[in-house]
Amino acid sequence: MTTKSPQDIYELAAQEDRSAIRQRISIPAGFRASGTKGFQTAVRDLSLSGFSATAISRIPPRTMCWLTLPEMEALPARVIWWEDGLVGCAFEQLLNPTVLETVLARWRSQGSAPGS
């Protein structure tokens, strides 16, 4: 029997039982994976614990990355999955709930959320 690291346990929990509700939205952002040049992306959903965004090239799980939302500092995260041009990431630290609500309200008011 192998011992799982805290990162392995977190990744399993993130896949099996997400700890925060993800809000569907479309936000232009910057994304950079460790050891690569950054690129412009679109965040597809956002929660206190993570996000998914467009990423044409495959990014391996556990890769350190940074998401830069408009008018915010880069947020460190780790890649959990990549599939069909989308990357799913878990933030290194949970977002502040007030920050999350401010970001969601701003982009929903601009009509960027699907169905708005």
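**Close-up views of a predicted barrel model**

**View A. Arg-106, at 30% relative accessibility, counts as partly exposed.** The model shown here and in the following views is predicted. The partner of Arg-106 in a salt bridge is Glu-71, and the closest N and O atoms of the two are 3.6 Å apart. Because Glu-71 belongs to the loop between β4 (64-68) and β5 (75-83) while Arg-106 belongs to helix α2, this salt bridge ties together parts that are 35 residues apart in sequence. Glu-71 has a relative accessible area of 75% and is therefore exposed, since exposed residues are those over 50%. The pair thus joins an exposed acid to a partly exposed base.

**View B. Asp-45 and Arg-22 form a salt bridge.** It is one of the 3 salt bridges that the structure holds. The closest N and O atoms of Asp-45 and Arg-22 lie 3.2 Å apart. The pair links distant parts of the chain, 23 residues apart: Asp-45 is in strand β2, and Arg-22 is in the loop between α1 (6-16) and β1. Asp-45 has a relative accessibility of 14% and so counts as buried, the limit being under 20%. Arg-22, by contrast, is partly exposed, with a relative accessible area of 21%. Both Arg-22 and Asp-45 are among the residues in contact with Phe-51, the subject of a later view.

**View C. A salt bridge joins the side chains of Glu-92 and Arg-78.** The N to O distance is 3.5 Å. Glu-92 is placed in the loop between β6 (86-91) and α2, and Arg-78 in strand β5; the two are 14 residues apart and link distant parts of the chain. Glu-92 counts as partly exposed, at 40% relative accessibility. Arg-78 is also partly exposed, at 25%.

**View D. Strands form a closed barrel, with a helix packed on the sheet.** The barrel has 6 strands in the order β1-β2-β3-β6-β5-β4, and their pairing is antiparallel. From one strand to the next, the twist averages 45 degrees. Helix α2 (residues 97-109) packs on the sheet and touches β1 (23-33) and β2. The direction of α2 makes about 110 degrees with that of β1. Strands of a sheet pair through backbone hydrogen bonds, in a parallel or an antiparallel manner. Strand β2 (residues 39-46) pairs with strand β3 (residues 50-54) in the antiparallel sense, over 3 bridges. Val-43 has Ala-53 of β3 as its bridge partner. Along the chain, the elements run α-β-β-β-β-β-β-α from the N terminus, which comes to 2 helices and 6 strands.

**View E. Phe-31, Phe-39, Phe-51 and Phe-91 make up one aromatic cluster.** The structure holds 3 aromatic pairs. In the pair of Phe-31 and Phe-51, the ring centres are 6.3 Å apart and the planes are at 70 degrees, an edge-to-face arrangement. This pair links distant parts of the chain, with Phe-31 in strand β1 and Phe-51 in strand β3, 20 residues apart. Phe-31 and Phe-51 are both buried. The centres of the Phe-51 and Phe-91 rings are 5.4 Å apart, and their planes are at 35 degrees, so the pair is tilted. Because Phe-51 lies in strand β3 and Phe-91 in strand β6, the pair ties together parts that are 40 residues apart in sequence. Phe-91 is buried, as is Phe-51.

**View F. Leu-46 and Phe-51 have the most contacts inside the largest nonpolar core.** This core has 25 residues. Two or more residues are given to the core by each of β1, β2, β3, β4, β5, β6 and α2. Strand β1 contributes the largest share, 5 residues. In soluble globular proteins, nonpolar side chains tend to be buried together. Apart from neighbours within four places in sequence, the residues in contact with Phe-51 include Phe-31, Val-43, Leu-46, Leu-67, Ala-77, Val-87, Gly-88, Cys-89 and Phe-91. Of the 116 residues of the chain, 37% count as buried. Among contacts in the chain with a separation of 6 or more, 56% are between residues 24 or more positions apart.

Notes. Residues numbered from 1 in each chain as written. Predicted model: local features only at pLDDT ≥ 70, side-chain atom pairs only at ≥ 80, totals over all residues. Heavy atoms only, no water. Pairing = 2+ DSSP bridges. Helix = DSSP H or I, 4+ residues; strand = E, 2+ residues; numbered from the N terminus. Axes fitted to C-alpha atoms, helices over the stretch in contact; angles between N-to-C directions. Contact = heavy atoms within 4.5 Å. Salt bridge = Lys/Arg side-chain N within 4 Å of Asp/Glu carboxyl O. Buried < 20%, exposed > 50% of the residue type's maximum accessible area, 1.4 Å probe, protein only. Phe/Tyr/Trp six-rings, centres within 6.5 Å; stacked < 30°, edge-to-face > 60°. Core = buried A, V, L, I, M, F, W, Y, C linked by side-chain atoms within 4.5 Å.
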